[in-house]
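Take a look at the model below. Keep it in view while reading, and follow each stop in turn.

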Amino acid sequence: MKPSLEARYAAIVLPVALLVLLLVALAPPAQAADPDDYTVFMPVILGSPSGSTGQPALTEDQLELTAEESELINLINAERLSHGVGPVRVSNVLMQVARAHSQDMIDRDFFDHANPDGWGAGDRLDHAGYNWMTYGENIGGGYTSPELMSNGWMNSSGHRANMLNPELAEIGVGYAAGGFYGHYWTGLFATPR
């Protein structure tokens with residue numbers, strides 16, 4: 001006697017259903033969107049003198065650059081040299097201010113030139129005791145390497161203008177990992193009085 005149609009159907013469907021369940025159970029879990037899949041960068045700001053807050057200056061002790069910071073500075077100077085502009089010098093005060101801003105963006109969950117207290121780059125420079133004549137600030141989020149950050153800034157007219165501005169003689173770069181974008185960069189360019 002032949003098995004019924006229902007029995008034959010069950011003999012095929014049941015193993016297939018079990019196989020599908022097994023594959024679903026063994027499949028890797030779905031992953032959230034990777035913040036490295038997108039890039040964000042903000043317009044630059046340029047400053048002009050507005051006075052000093054009178055706060056004490058940060059020390060000029062020699063800072064050790066991270067590999068990311070050193071590479072980004074080298075890439076910026078290479079771009080400057082390829083465009084006939086002299087290299088920028090590393091300033092320890094600018095390094096400290098840039099590092100603090102990148103970390104602050106992570107710690108307080110914002111992405112902007114002005115922090116939640118309303119302090120912009122000029123305010124941060126004044127607070128650090130840096131007697132500046134002019135400055136420009138670039139920030140970036142989501143770029144996973146110094147090369148990608150440099151390329152991102154070079155492909156944005158305002159950021160590029162800061163990078164290639166012959167009037168900006170010193171630089172500080174701050175890189176911090178973490179937060180919403182995963183990677184935060186601050187490039188602070190300035191010329192002291």
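What follows is a walk through this predicted model, from its cores to its pocket, its salt bridges and two loop residues.

Start inside. In soluble globular proteins, nonpolar side chains tend to be buried together. Here the largest nonpolar core has 18 residues. Which of them have the most contacts inside it? They are Leu 72, Ile 76, Trp 153, Ile 171 and Trp 185. Helices and strands both contribute. The elements α2 (67-82), α5, α6, β5 (170-178) and β6 (182-192) each supply at least two residues of this core. There is also a second core, separate from the largest one, with 12 residues. Val 93, Ala 121, Leu 125 and Tyr 135 are among them.

Now turn to the pocket. The largest pocket holds about 200 Å³ of space. It is lined by 13 residues, and the closest to its centre are Val 97, Ala 100, Trp 119, Arg 124 and His 127. Two helices, α3 (92-107) and α4 (121-127), each supply at least two residues of the lining. Which element gives the largest share of the lining? That is α3, with five residues. The lining is mixed in character: five of its residues are nonpolar, four are polar and four are charged.

Arg 124 leads on to the salt bridges. The model has five of them. Arg 124 forms one with Glu 137, and the closest N and O atoms are 2.3 Å apart. This pair links distant parts of the chain, with Arg 124 in helix α4 and Glu 137 in strand β4 (residues 132-141), 13 residues apart. Are the two partners buried or exposed? Both Arg 124 and Glu 137 are buried.

Next, find Glu 170. Its salt bridge is with Arg 89, at 3.1 Å between the closest N and O atoms. Glu 170 lies in strand β5 and Arg 89 in strand β3 (residues 89-90), so the pair ties together parts that are 81 residues apart in sequence. The two ends of this bridge fall into separate classes. Glu 170 counts as buried because its relative accessibility, 12%, is under 20%. Arg 89 has a relative accessible area of 47% and is partly exposed.

A further salt bridge joins Asp 104 to Arg 108, with the closest N and O atoms 2.8 Å apart. Asp 104 is buried, at 17% relative accessibility. Arg 108, at 33%, counts as partly exposed. This pair is part of something wider: Asp 104, Arg 108 and Asp 117 are linked in a network of salt bridges.

Two loop residues complete the walk. Asp 109 sits in the loop between α3 and α4. It has a positive phi of about 55°, although it is not a glycine. Asp 109 is exposed because its relative accessible area, 61%, is over 50%.

Ser 156 is the other loop residue. Where does Ser 156 lie? Its place is the loop between α5 (146-154) and α6 (157-164). Ser 156 is buried, with a relative accessible area of 13%. Its side chain makes a polar contact with the side chain of His 159, at 2.6 Å. The loop of Ser 156 thus joins the tour back to its start: α5 and α6 are among the elements that supply the largest core.

Technical notes
Residues numbered from 1 in each chain as written. Predicted model: local features only at pLDDT ≥ 70, side-chain atom pairs only at ≥ 80, totals over all residues. Heavy atoms only, no water. Helix = DSSP H or I, 4+ residues; strand = E, 2+ residues; numbered from the N terminus. Buried < 20%, exposed > 50% of the residue type's maximum accessible area, 1.4 Å probe, protein only. Polar contact = N/O pair within 3.5 Å; in protein donor to acceptor, adjacent residues only side chain to side chain. Core = buried A, V, L, I, M, F, W, Y, C linked by side-chain atoms within 4.5 Å. 1 Å grid on protein atoms, 1.4 Å probe; cavity = no way out; pocket = protein on both sides within 12 Å on 5 of 7 lines; lining within 4 Å. Points joined across faces, edges and corners; volume = space filled by probe spheres on them. Nonpolar A, V, L, I, M, F, W, Y, C, P; charged D, E, K, R; others polar. Salt bridge = Lys/Arg side-chain N within 4 Å of Asp/Glu carboxyl O.
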